[in-house]
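Q: I'm new to this structure and would like a close look at a single part of it. Could you walk me through one strand and its neighbours, and then place that part in the chain?

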Amino acid sequence: MGAIQDTPLTHEVRTISPRDAQEFLLKVRNQSTLDRRQIATYARDMKAGMWKLNGDPIIFDVNGVLLSGRLRLHASVQSNASFPSLIVRNVDPAHFDTIDAVRRRTVSDIMSIRKERDGRALAAALTVLWRFANDDFTSQRNRVSSQALLAILEENPDIRFSLRAAKIASHLVGHGLGTALHFLFSQVEPAKADDFFRELAAD
C-alpha cells in the first residue's frame, strides 16, 4: 500500500488562534476567489464571541495542505479572534472534494442533521427574527450566519412551540414567517397569538 493509505487519520478539538490561522493558510489547495461577504460574516461572529464548535472541521491532507476551512481561517485573521474547531489531518487528497468548493451546509441542513421538526421552516423563522432584531428585514443587506441563527434558537427554545402553533395556518402564511410572527406576538400576549392563528386557519 502507498504512503497515503498507511498514514492514519488523526483528529483533535482545539482553539485556533489568528496566528495558527495564518500558518495554516500558507499551504492551501483551493485557490478560487474568496467569498469576502462570507468571511465578513464569520469574522463578525468570531469578534462578538458568538462562534461555537460545529460539525465542519478544518481538514488537512497528508502533506499538511489545507483542504477545507479556508474561509473560517481568513475570518479569524480578519477579526483577530480565536475560534474552536475540530481539526482532521492526513486525509487522502485524491478522494476529497473540498467543502469550500461545493455547497456549504445551510441552517436548514443543520436542522435536518439535528432532527429538528420542520427544520426548513424553523431556519426561515430564525432568519426572520434575526433580521427584525438587526433592522435588516426590509433591506436584507446582511448575510446571516448559521452561528447567529443557532444562538437565537439556544436563547429562545420556545420558538419550537411557535413552529407547531403556526403550522395550522401555513397554507395562508409561510410556515417560517408565521412561526416568527407567532413567536413575536406571544412575547406580548401568548393566548391572543394562539387565537389569531386559529382564526386565520379557520378562514
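A: Here is a look at strand S2, followed by the wider chain and one pair of helices. A quick note first: this is a predicted model, where local features need pLDDT of at least 70, side-chain atom pairs count only at pLDDT 80 or more, and totals for chains, interfaces and linings use all residues. Residues are numbered from 1 along each chain as its sequence is written, and side-chain values use heavy atoms, with hydrogens and water left out.

Strand S2 covers residues 58-61; strands here are DSSP runs of E with at least two residues, helices are runs of H or I with at least four, and both are numbered from the N terminus. In a regular strand, side chains alternate between the two faces of the sheet. In S2, Ile58 and Phe60 point one way while Ile59 and Asp61 point the other, and all are buried (under 20% relative accessible area, with exposed meaning over 50% and partly exposed in between, using a 1.4 Å probe and protein chains only).

Now for the neighbours. S2 runs parallel to strand S4 (residues 83-91), joined to it by three bridges; strands count as paired if DSSP finds at least two bridges between them. Across from Ile58 in S4 you'll find Ile87. With strand S3 (residues 66-68), S2 pairs in the antiparallel sense over two bridges, and there Phe60 has Leu66 as its bridge partner. Four residues lie between the strands in this S2 and S3 hairpin, and Gly64 takes a positive phi near 80°.

Stepping back, the chain has 10 helices and four strands. Its C-alpha atoms fill a box of roughly 70 × 35 × 25 Å along the principal axes. Of the 203 residues in the chain, 44% are buried.

As for the helices, the axes of H6 (residues 119-133) and H9 (residues 175-186) come within 7 Å and cross at roughly 55°. Those axes are lines fitted to C-alpha atoms over the stretch in contact, with angles running from 0 to 180 degrees between N-to-C directions. H6 and H9 are therefore oblique to each other; under 35 degrees counts as roughly parallel, over 145 as roughly antiparallel, 65 to 115 as roughly perpendicular and the rest as oblique. Residues in contact (heavy atoms within 4.5 Å) include Ala121 and Phe132 of H6 and Gly176 and Phe183 of H9.
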